[in-house]
Amino acid sequence: MPADVTMVLSGGGAKTAAHLGALEVLAQAGQVPTRFIGTSMGAVIAAGLAAGLSLTEVTERLRGIEREDVAALDRTAFLRGIFAPAMLKGPRLRETLGRLLPVPRFADLALPLSVTAADLDTGDLVVFGDGGIDAPLADALFASCALPVLYPAVTLAGRRLGDGGLRGVVALEVAARFPADRVIAIDVGPGFDAAPSRDKPPPALIRAHNDAQHILMAANTALQVALWRATPGRPPLLYVRPEVHRGETFAIGQIDYYLELGRAAARRSLGLSA
């Protein structure tokens, strides 16, 4: 009987291309997901795979994304200053997500998928899809990707929502809700082990925001992984951590680079030679 494998895909923007490289190696080792849990851009990749697209097909859809498709600057933000809702155009991202998806609804997916978001008013973890609230798939993914300052809050299911990474870049809290023989978490999000960013530094105020967010998210991930391993009765956890750089959320041209980092990380985690 095939094993039940819960696959947890972290957020991380363009770096989540590493998920696809890691999944390729994991599949070759017989670790095939039977359930996906995704956060932010990791949820977008999970949605494509849960819908039945191959790793190659998802990769090619990512290659078709231009920077303006996901990071279109809202020039009115400069005029509105601190009263601007965000720096980037939310509707452009929502439109792009809709184009990436082969199906419109959670019910159309071939495998169960849970997508996380954070309630910006209460701090609650909000789950869409399996084990959570039903909503149009692209809307749930949009909410999961809506990182504050970059994107405006998303109103969905009567809540004001933001990026699921605010509650946990690696959503092990959700994975604990489902039975599984093994949980595999691929993490390309903030971590204290991340290499320095190769991006040009952003303006000072944005950099301060990014630095604070990085520290908080990295600490949360470390605690989530430690809690999982310390809690009796939980399934074995295979934690796959590619050697990512800080920032690079919109490093659209680095897909091949991150694919290979994902492959290398999966080989290390499985104890395979390079």
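User: What should helix α10 (residues 255–270) span, at 1.5 Å a residue?

Analyst: Helices here are DSSP runs (H or I, at least four residues), numbered from the N terminus. The expected span is 1.5 Å times one less than the number of residues. For the 16 residues of α10 that gives 22 Å, and the end C-alpha atoms are 23 Å apart, which agrees. This is a predicted model: local features need pLDDT of at least 70, side-chain atom pairs count only at pLDDT 80 or more, and totals for chains, interfaces and linings use all residues. Residues are numbered from 1 along each chain as its sequence is written, and side-chain values use heavy atoms, with hydrogens and water left out.

User: Which residues of α10 are buried?

Analyst: Buried means under 20% relative accessible area (1.4 Å probe, protein chains only). In α10 these are I255, Y258, L259, L261, G262, R263, A265 and A266. Their cover includes α1 (17–28), α3 (55–63) and β8 (237–240), where contact means heavy atoms within 4.5 Å.

User: How do the axes of α2 and α7 cross?

Analyst: Axes are lines fitted to C-alpha atoms, for helices over the stretch in contact, and angles run from 0 to 180 degrees between N-to-C directions. The axes of α2 (residues 41–50) and α7 (residues 137–145) come within 8 Å and cross at roughly 155°. Angles over 145 degrees count as roughly antiparallel, so α2 is roughly antiparallel to α7.

User: Which residues meet there?

Analyst: M41, A43, V44 and A47 in α2 meet L137, L141, S144 and C145 in α7.

Terms used:
Helices (H or I, at least four residues) and strands (E, at least two) are DSSP runs, numbered from the N terminus. Buried means under 20% relative accessible area, exposed over 50%, partly exposed in between (1.4 Å probe, protein chains only). Angles under 35 degrees count as roughly parallel, over 145 as roughly antiparallel, 65 to 115 as roughly perpendicular and the rest as oblique.
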